[in-house]
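Reader: I would like a close look at one part of this model, followed by its surroundings. Please keep it brisk.

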Amino acid sequence: MALKQQQQLKQQQRLSPQQIQTIRMLELPALEIEERIKNELDENPALEEGLDHSDEQDYDMENDAPDNQDFNEDLSLGDYISEDDIPEYKLTEISNKEERKDIVFFNNEQSLSDYLLQQLQLNELSDKEKKISEYIIGNIDDDGYLRRDMSAIADDIVFQSGEDMNEKELVEILKIIQELDPPGIGAQNLQECLILQLKKRKKTRETTLAIEILTNYFEEFTRKHYDKIQKILDIDEKQMKAVIHEITSLNPKPGSNWDNSMTTLMNRVVPDFIVETNSGEISLTLNNRGIPDLRVNREYSDMLKDYTGNKVNQTPEMRDAVLFVKQKLDAAQGFIDAVRQRHETMQRTMESIILLQEEFFLTGDESRLKPMILKDIAERTGYDISTISRVSSSKYVQTNFGIYPLKFFFSESAQTKSGETISTRKIKRIIKDEIDAENKKKPVTDEELTSILNAKGYLIARRTVAKYREQLEIPVARMRKET
């Protein structure tokens, strides 16, 4: 049988190593970028600390320097926000040489991620499996859940490492992580979290029944339809109460009280931005106190000039030396550009957030927060939404009123009867306040909360109230009822 050959022309957009490096550095919070720079200084002799001088960057820029490609439109710089858009307050940047004594550090005991990675070392994993495990653990949130979709994690790993990846491989690695301590870690939802914990307990009649109920009748259990479950499983009230006790003794947030369970190693949460308010004036500072000035090593650039200036009698050893020096110089310059790009992108993004949330930064009043989504900041800065997402991930901002994760400032919008657009965060605050003040023997229902909000002028449906209540991780009224 004759084989038929076909030619096919495809267009594929691939990121350069420089662009990938910039993206990765953009995701790093303050402490991690400091560590990243320290490691690069240790590994690359062509990179050193010190102020950059233009005459040190002329190592045959036309032929020997790396291509200075503009970062794709995902991270294109564009012009900064014009001064006409800036109100009475100023947006300033402090030099990294100035010592900041008012930066607040939050001390915590060994992080959950560190503890999980420590346990993981006891498993015999390939290098690829270790990388996957580390990435999955890095995506586990403070409550101990892996809330990201597996396909999205697979795409990220392919993007960052270039290795082929499928969801099946991820699931197998996730199962290994879910065997680690604390029980329930790495679950993708509450149901899975509770079942994982039960499977680690001593097998009894109660645990077996509890697993069966949570597996097959989870919705009925959460709605307290105990009579229905008893009838289906043919168990009496005494057995049902024992199962309820078994389930309610589980921890729905296995990572939440981690700081009380370990007594070694310190993990600091450091703000990436400092926003200060004084007499109605707001100033922005990037926390660069641990980031040194970087430059290309002058001796290496002179060495390359000497090598390339004597091309006639070059030996194979000399050509190897030229290649080595050039690679190190290219890497040093690329790293400096990536650090600079990260700095400029973060500065511009935070400026836009301040411009939109001026009233909050002046007053500290959460009800003054305006609706703001990633797209709003992307449109103001000219960056792609994915870039804004990377900037806001794992970053913190110190204000006069406390330290907030950058994601705190993002929320959807809702409308009042008068047509005013407000942040959904304000509605969630009202819901929480009403539930906190409720009579626990007769807790307010979602219907009653809807009526209260409508009476206050907020146009909102009952299903939306239920959604916000769930986002606040508050159970339904009948589960809050106390006898």
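How many residues does helix α2 have, and how far does α2 reach from its first C-alpha to its last? Please go on from there to the sheet and the other helices.

Author: A caution before the details: this is a predicted model.

Start with α2. Helix α2 spans residues 30–43 and has 14 residues. From its first C-alpha to its last, α2 reaches 20 Å. That is close to the 20 Å expected at 1.5 Å a residue. Five names make up its buried set: Ala30, Ile33, Ile37, Glu40 and Leu41. These buried residues cover an arc of only 100° around the axis, so they sit on the same side of α2. Glu40 is on that buried list. Glu43, in contrast, is exposed, as is Asp42, on the other side of α2.

What do the buried residues pack against? Their partners are two helices, α1 (17–27) and α13 (316–356), and two strands, β1 (47–49) and β6 (294–296).

Follow α13 next, as it leads to a sheet. This sheet is open and has 4 strands, in the order β5-β4-β7-β8. Its pairing is mixed. β5 (281–286) and β8 (402–405) are the edge strands, each pairing on one side only. On average, neighbouring strands are turned by 20° against each other, direction ignored. Helix α13 packs on this sheet and touches β4 (273–278), β5 and β7. The direction of α13 makes about 155° with that of β5.

Now take the sheet pair by pair. β4 and β5 are antiparallel, with 6 bridges. Within this pair, Thr277 stands opposite Ile282 of β5. The two strands form a hairpin with 2 residues between them. Ser279 lies in that turn and has a positive phi of about 55°. β4 also pairs with β7, and here the strands run parallel, joined by 2 bridges. Ile274 faces Gln398 of β7 across this pairing. Strand β7 covers residues 396–399 and runs antiparallel to β8, with 4 bridges between them. Val397 has Tyr404 in β8 as its bridge partner. As a rule, side chains in a regular strand alternate between the two faces of the sheet.

Next, another helix. α10 covers residues 226–233, and its buried residues are Ile229, Gln230 and Leu233. Seen down the axis of α10, they fall within an arc of 100°, so they line one face of the helix. The face turned away from that buried side carries Asp227 and Lys231, both exposed. Which elements cover the buried residues of α10? The cover includes α8 (205–216), α9 (218–222) and α11 (237–248). Asp234 follows α10 and has a positive phi, near 55°.

One residue in α8 deserves a stop: Thr215 is found in that helix. Its relative accessibility is 41%, so Thr215 counts as partly exposed. Leaving out residues up to four places away in sequence, Thr215 touches Gln191 and Ile195. Gln191 is 24 residues from Thr215 in sequence. In space, the two are 7.6 Å apart, C-alpha to C-alpha.

To return to the opening part: α2 keeps its buried residues on the same side, and these pack against α13 among others. α13 in turn packs on the sheet.

Terms used. Residues numbered from 1 in each chain as written. Predicted model: local features only at pLDDT ≥ 70, side-chain atom pairs only at ≥ 80, totals over all residues. Heavy atoms only, no water. Buried < 20%, exposed > 50% of the residue type's maximum accessible area, 1.4 Å probe, protein only. Arc of directions from axis to C-beta. Contact = heavy atoms within 4.5 Å. Expected span 1.5 Å × (residues − 1). Pairing = 2+ DSSP bridges. Axes fitted to C-alpha atoms, helices over the stretch in contact; angles between N-to-C directions.
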